[in-house]
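Dear colleague,

I am handing over the structure that we talked about, with the sequence alongside it. Below the display you will find what came out of going through it, arranged by region.

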Amino acid sequence: MAEVSNKRILFKDYITGAPKETDMVPTVGTIKLKVPEGSKGVLVKNLYLSCDPYMRNLMNQPIEGQESYILPFFPGHVVTGFGVSKVVDSDHPNFKEGEYVWGITGWEEYSLVPSTDALFKIPFTDVPLSYYTGVLGMPGLTAYAGFHEICTPKKGEYVYVPPLQARWDNLWDSTQS
C-alpha cells in the first residue's frame, strides 16, 4: 500500500472580521493511497477547490443553539469545501477508480471521503471540470433553484441580478473569446 505526501491547508483558529492568509496554515502530511476495507469510503485526488462565501461563517466560534447544517471548521483540521476530484480508490459500489466527482472535500491534494452523501459523479466531461465548482456546482444549483423554484418570474417582469455572482460572470467572460 503506497503512502504519498499530501499538501493540505489547515484552519488555524476561529476568527473575527475578514479572513486573512495567516488564518490558514499550509502543511505537508502523508496519506495511504488505499481506502480501508469495509469503510465504504472514497479516496480522491483533488483537481479544483472552491472558495465560497458561505465558508466565512464556518470560521466563527460555534455558538450552542445556533448550529448549521454544515459543520464549522475546527482549529488544526483541514479546511473543507466544494471541489472537483478524480477517484483514486474506492470501497463504495457507486464510485469507481478513474471517475470524476464533485462535492465536499478537503483543501488538500488527496482526501479520504468517509461518507459519500455529499459526493456526486460528474456526468458531463465535455465542459471544463472547473465549472463544477461554479456554474455546474453548488453556486449554480443555488442560483438555478432560487430563480426557477423561488423567484419564478413571469413574462414581462424584470429581474435584477447583482454583479455579486462572480462565478457566473467568469463563465460569461470565458465564453466571449
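Phenylalanine 120 is partly exposed, with a relative accessibility of 37%, and this residue is a useful place to begin; please keep in mind throughout that the model is a predicted one. Its ring and that of tryptophan 102 have their centres 5.0 Å apart and their planes at 35 degrees, which makes the pair tilted. Tryptophan 102 belongs to strand E5 (residues 100-106) and phenylalanine 120 to strand E7 (residues 119-121), so the pair ties together parts that are 18 residues apart in sequence. In contrast to its partner, tryptophan 102 is buried, because its relative accessible area is 8% and the cut-off for buried is under 20%. The two residues also belong to one aromatic cluster, which is formed by Tyr54, Phe82, Trp102 and Phe120.

The backbone arrangement around this pair fits into a wider picture. Tryptophan 102 stands opposite phenylalanine 120 in E7, and the strands E5 and E7 pair in the antiparallel sense over three bridges. Both strands are part of an open sheet of five strands, with the order E6-E3-E4-E5-E7 and antiparallel pairing. At the edges of this sheet are strand E6 (110-113) and E7, each of which pairs on one side only. Neighbouring strands of the sheet are turned against each other by 40 degrees on average, if direction is ignored. As a general point, strands of a sheet pair through backbone hydrogen bonds, either parallel or antiparallel.

What do the side chains of strand E3 add to this? Asparagine 46 has its place in strand E3, and this residue counts as buried, because its relative accessibility is 10%. The side chain of asparagine 46 is joined to that of serine 85 by a polar contact of 2.7 Å, and a further polar contact, of 2.9 Å, joins the side chain of asparagine 46 to that of threonine 105. Elsewhere, lysine 45 lies over the face of tyrosine 110, at 4.8 Å from the ring centre.

How many aromatic pairs does the structure hold? There are five of them, and besides the one described above, the pair of phenylalanine 11 and phenylalanine 73 deserves a mention: their ring centres are 5.6 Å apart and their planes stand at 55 degrees, so this pair is tilted. Phenylalanine 11 lies in strand E1 (residues 3-11), whereas phenylalanine 73 lies in the loop between strand E3 (42-49) and strand E4 (80-90), so the pair ties together parts that are 62 residues apart in sequence. Phenylalanine 11 counts as buried, with a relative accessibility of 1%, and phenylalanine 73 is likewise buried, with a relative accessible area of 3%.

As for annotation, an unreviewed UniProt entry places the feature "domain: Oxidoreductase N-terminal" at residues 7-116. In the model, this span is 0% helix and 40% strand, and its end C-alpha atoms lie 22 Å apart.

Finally, there is a helix to look at, H1 (residues 138-151), in which proline 139 lies. Is proline 139 buried or exposed? Proline 139 is buried, because its relative accessible area is 9%. The C-alpha atom of proline 139 is separated by 24 Å from that of arginine 8, and the two residues are 131 residues apart along the chain.

With best wishes

Methods:
Residues numbered from 1 in each chain as written. Predicted model: local features only at pLDDT ≥ 70, side-chain atom pairs only at ≥ 80, totals over all residues. Heavy atoms only, no water. UniProt positions renumbered as here; feature names shortened; annotations may be inferred. Helix = DSSP H or I, 4+ residues; strand = E, 2+ residues; numbered from the N terminus. Buried < 20%, exposed > 50% of the residue type's maximum accessible area, 1.4 Å probe, protein only. Phe/Tyr/Trp six-rings, centres within 6.5 Å; stacked < 30°, edge-to-face > 60°. Lys NZ or Arg CZ within 6 Å of the ring centre and 35° of its normal. Pairing = 2+ DSSP bridges. Axes fitted to C-alpha atoms, helices over the stretch in contact; angles between N-to-C directions. Polar contact = N/O pair within 3.5 Å; in protein donor to acceptor, adjacent residues only side chain to side chain.
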